[in-house]
Amino acid sequence: MRYLYLIQQEKEFQGPPPARLMEEMGKLMGRRIAEGSLIDTAGLTPSAQAVRVTLKRGQLNVMDGPFAESKEVVGGYAFFKFDTREQAIEALMEFMELHRLYAEGWEFACEMREINEHTNPEPQN
């Protein structure tokens with residue numbers, strides 16, 4: 001099963017992540033790559049550089065960021081593949097624990113969503 005982790009925060013982080021966090025994240029992501037569970041991951045540019053297209057009443061509207069009405073911003077994502085939901089949750093807890101230990105003062109949530117395999121077939125190589 002494939003899972004999407006979405007990093008959600010109330011405000012965008014200012015400045016680079018702590019060096020120790022990046023070191024530990026590198027180790028964790030290296031392990032996940034080696035075991036074959038990590039498909040892709042990345043942080044996102046600030047919402048000020050984003051574009052949002054909405055469909056409302058049959059009309060498309062293009063808006064440049066930042067989006068003042070947003071209560072949360074998505075700061076990053078990761079795609080994983082695990083055999084069970086429990087493994088996916090365990091990996092998510094390990095990811096969050098690194099932030100608890102090495103990113104003092106950071107507050108955010110990580111939402112885990114299973115990819116609906118019935119509507120999103122496995123990518124073709």
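Strand 2 and strand 5 are paired through 5 bridges, in the antiparallel sense. One of the residue pairs between them is Leu38 with Phe80, the latter in strand 5. The model that shows this pairing is a predicted one.

Strand 5 also pairs with strand 1, and here 8 bridges join the two antiparallel strands. Strand 1, residues 2-9, is in turn joined to strand 6 by 6 bridges, again antiparallel. Gln8 illustrates how strand 1 sits between two partners. Its bridge partner in strand 5 is Val74, while in strand 6 Gln8 stands opposite Ala109.

Put together, these pairings give an open sheet of 4 strands in the order 2-5-1-6, with antiparallel pairing. Strand 2 (38-43) and strand 6 (109-114) form the edges, each pairing on one side only. On average, and with direction ignored, neighbouring strands of the sheet are turned by 20° against each other.

Two helices can be placed relative to this sheet. Helix 1, made of residues 19-35, packs on the sheet and touches strand 2 as well as strand 5 (73-81). The direction of helix 1 makes about 150° with that of strand 2. Helix 2, residues 85-102, lies across strand 1 and strand 6. Its angle to strand 6 is about 160°.

Helix 2 contains His99. Is this residue buried or exposed? His99 counts as buried because its relative accessibility is 10%, below the 20% limit for that class. Leaving aside residues up to four places away in sequence, His99 touches Leu21, Met25, Trp106 and Phe108. Leu21 and Met25, two of these contacts, fall within the residue range 19-35 of helix 1. A further reference point is Gly43, which is 56 residues from His99 in sequence, with 14 Å between the two C-alpha atoms.

The remaining two strands bring us to the surface. Val51, Val53, Leu55, Leu60 and Val62 make a nonpolar surface patch of about 540 Å². Strand 3 (51-56) and strand 4 (59-64) are the elements that give two or more residues to this patch. Which strand gives the largest share? That is strand 3, with 3 residues. Leu60 belongs to strand 4. With a relative accessible area of 66%, Leu60 is exposed, since the class begins over 50%. His99 in helix 2, by contrast, counts as buried.

The whole chain can now be read from start to end. It has 2 helices and 6 strands, and along the sequence they follow the pattern β-α-β-β-β-β-α-β. In that pattern, helix 1 and helix 2 are the two α elements. The order of strands within the sheet, 2-5-1-6, can be set beside this order along the sequence.

Some totals complete the description. The chain has 125 residues, of which 28% count as buried. Taken along the principal axes, the C-alpha atoms fill a box of roughly 45 × 40 × 25 Å. The exposed area of the chain is about 9,100 Å², and carbon and sulfur atoms supply 53% of that area. Among contacts between residues at least 6 apart in sequence, 78% join residues at least 24 apart.

Key:
Residues are numbered from 1 along each chain as its sequence is written. This is a predicted model: local features need pLDDT of at least 70, side-chain atom pairs count only at pLDDT 80 or more; totals for chains, interfaces and linings use all residues. Side-chain values use heavy atoms; hydrogens and water are left out. Two strands pair if DSSP finds at least two bridges between them. Axes are lines fitted to C-alpha atoms, for helices over the stretch in contact, and angles run from 0 to 180 degrees between N-to-C directions. Contact means heavy atoms within 4.5 Å. Patches are made of residues with over 30% relative accessible area and no salt bridge: like charges are joined within 9 Å, nonpolar side chains (Val, Leu, Ile, Met, Phe, Trp, Tyr) within 5 Å. Accessible areas come from the Shrake-Rupley method with a 1.4 Å probe; for residues, only the protein chains shown count as cover. A salt bridge is a side-chain nitrogen of Lys or Arg within 4 Å of a carboxyl oxygen of Asp or Glu. Buried means under 20% relative accessible area, exposed over 50%, partly exposed in between (1.4 Å probe, protein chains only).
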